[in-house]
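Q: I'd like a close look at one part of this model, with the rest of it sketched in around that part. Here is what I'm looking at.

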Amino acid sequence: MHFPNSTPPGSSGAMNLISALLEQRTGQQIAANRAWRIETALKPLLREKGLASLDQLVAQLVATRTGDLGDQVVDALLNQETSFFRDAAVLDMLVDATRALQAETPERKVRIWSSGCSTGQEPLSLAMLFDEGGMGEGLAAPEIVATDVSPAALTRARAGRYSQFEIQRGLPVRRMMTWFDGAGGDWAAKPELLRRIQFRQQNLTADAPPPGKFDVVLCRNVLLYFSQDVRRQVFGILASALRPGGLLVLGAGETVIGLTDQFKPCDRFRGFYRAIETSPARRSAFG
Amino acid sequence: MKTCLVVDDSKVIRKVARHILETLDFEVREAGDGREALDSCMAATPDVVLLDWNMPVMSGMDFLRALKDSGLPQRPKVVFCTTENGMAYIRAAIEAGADEYVMKPFDRETLESKLQIVGVA
């Protein structure tokens with residue numbers, strides 16, 4: 001089948017149905033002014049399936065009634081934009097905060113949840129920082145759990161394999177030399193780095209958080225794809241996963257203000273939010 | 001405005017790099033080999049040198065060694081930018097004093113990221 005170079009045509013009905021599928025499965029919305037993303041993101045899938053248009057794709061989605069094609073459509077539409085050491089100053093501050101939390105609770109390991117980790121660059125960046133002495137002498141590296149809604153992104157994260165373009169975004173060459181090996185044109189994270197992270201599939205809008213309480217939750221550049229109502233719901237899930245006084249780290253431009261009273265801005269670490277303590281038994285040093 | 005010296009024997013690569021660097025607010029100078037680059041550095045030290053490996057007259061590695069011995073009071077940051085993408089090459093460049101390493105082909109994000117890492121963008 002021949003495909004023209006221009007994007008395949010799609011009726012507004014098809015676009016609406018595909019948008020609705022994405023929102024139903026993940027809570028993510030595609031703004032009307034970004035509807036072009038649907039055609040762009042699905043073009044490779046149309047080609048792979050031998051379909052000429054989004055209308056044909058929708059017809060097949062309705063006809064097959066199996067989850068596989070729907071999963072593939074949703075995976076293709078998810079924005080998996082990420083890079084190593086994204087907003088590096090935030091990660092440095094996070095290491096300081098983690099060190100302080102660990103000093104407060106030497107009897108157990110600090111636990112960090114990297115939610116919406118996409119293809120794994122965020123948790124890998126954290127693992128590198130902590131392994132390179134970020135915790136200081138005598139303090140154990142924290143436990144890192146990383147989740148994403150996309151099975152395809154998680155498969156890539158677990159493999160820790162990155163293209164030449166991906167490996168060069170944000171990652172200093174000395175760290176690349178320490179933590180990655182060349183792998184046939186790609187770059188593969190060393191097993192000892194990957195072992196520091198537990199990857200799990202989790203849908204922030206539908207699934208329970210990973211088991212156990214966390215001291216720090218990162219949810220950066222995820223909420224911006226959700227409606228206000230879904231953000232409120234997700235804040236509830238994040239709050240339930242945090243220990244009282246634990247820290248929430250959002251992306252630049254994301255805020256809890258006006259959406260939830262379960263978090264307050266953290267006095268000590270600017271830009272971080274602190275889970276409201278319901279019991280006075282243990283006060284965090286972060287104010 | 002920061003200055004970047006683009007050192008590459010390919011006019012096309014110099015043109016592409018210049019375009020990207022100018023959008024990143026750099027003043028751009030060009031050199032076609034290591035010798036020209038060294039002369040340019042001696043005349044006025046740039047903030048950063050984007051350096052190819054394989055060039056006629058003087059290679060990138062020879063330039064790096066000569067720069068070290070040049071007695072310049074303030075050495076520019078040096079970012080290798082080359083098709084030599086193996087770990088052995090990367091290690092050799094860093095051990096010889098390069099600050100960062102860009103594997104060709106590169107795009108705007110890659111270049112901007114590496115220039116941020118060396119503190120000039």
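What radius of gyration does chain B have, and what would a compact globule with 121 residues have?

A: Keep in mind that this is a predicted model. Chain B has a radius of gyration of 13 Å. With 121 residues, a compact globule would come out near 14 Å, so the two values agree. Along the principal axes, the C-alpha atoms of chain B fill a box of roughly 30 × 30 × 25 Å.

As for what sits in that box, chain B is built from five helices and five strands. Read from the N terminus on, its elements go β-α-β-α-β-α-β-α-β-α. Of the 121 residues in chain B, 41% count as buried. Then take the contacts in chain B with a separation of 6 or more: 60% of them join residues 24 or more positions apart.

Now for the partner chain. Where chains A and B touch, chain B puts in 16 residues and chain A puts in ten. On the chain A side, helix 8 (164-167) and helix 9 (173-179) each supply at least two residues. Helix 9 of chain A gives the most to that side, with three residues. By class, the side of chain A that touches chain B splits into four nonpolar, four polar and two charged residues.

Chain A itself has eleven helices and ten strands. Its radius of gyration is 20 Å, close to the 19 Å that the globule rule gives for 287 residues, so chain A is as compact as a globular protein of that length. The C-alpha atoms of chain A take up a box of roughly 65 × 45 × 30 Å along the principal axes. Buried residues make up 40% of chain A. Among the contacts in chain A with a separation of 6 or more, 73% are between residues 24 or more positions apart.

Chain A is also divided into two parts: domain 1 (12-77) and domain 2 (88-275). Taken over C-alpha atoms, the centres of these domains of chain A are 29 Å apart. Six residues from domain 1 of chain A and eleven residues from domain 2 of chain A make the contact between them. The domain 1 side of that contact has no nonpolar residues, just four polar and two charged.

Back up the sequence, helix 1 (residues 12-26) of chain A packs against helix 4 (residues 67-77) of chain A at an angle of about 90 degrees, with the axes 10 Å apart. The two helices of chain A are therefore roughly perpendicular to each other. Helix 1 of chain A brings I18(A), L21(A), L22(A), R25(A) and T26(A) to the contact, while helix 4 of chain A brings G70(A), V73(A), V74(A) and L77(A). Sorted by class, the residues of this contact are six nonpolar, two polar and one charged.

One last residue to zoom in on: A241(A), which is found in helix 11 (residues 228-241) of chain A. A241(A) is buried because 22 other C-beta atoms lie within 10 Å. Leaving aside neighbours within four places in sequence, A241(A) is in contact with W113(A), P209(A), K213(A), F214(A) and V217(A). A241(A) and P211(A) are 30 residues apart in sequence, yet their C-alpha atoms are 8.1 Å apart in space.

Note on methods:
Residues are numbered from 1 along each chain as its sequence is written. Chains are lettered from A and ligands numbered from 1 in the order in which they are written. This is a predicted model: local features need pLDDT of at least 70, side-chain atom pairs count only at pLDDT 80 or more; totals for chains, interfaces and linings use all residues. Axes are lines fitted to C-alpha atoms, for helices over the stretch in contact, and angles run from 0 to 180 degrees between N-to-C directions. Helices (H or I, at least four residues) and strands (E, at least two) are DSSP runs, numbered from the N terminus. Angles under 35 degrees count as roughly parallel, over 145 as roughly antiparallel, 65 to 115 as roughly perpendicular and the rest as oblique. Two residues are in contact if their C-beta atoms, placed from the backbone, lie within 7 Å. Ala, Val, Leu, Ile, Met, Phe, Trp, Tyr, Cys and Pro count as nonpolar, Asp, Glu, Lys and Arg as charged, and the others, Gly among them, as polar. The radius of gyration is taken over C-alpha atoms; the globule rule is 2.2 Å times the number of residues to the power 0.38. A residue is buried if 20 or more other C-beta atoms lie within 10 Å of its own, exposed if 12 or fewer, and partly exposed in between; C-beta atoms are placed from the backbone. Domain bounds come from an automatic or database domain assignment.
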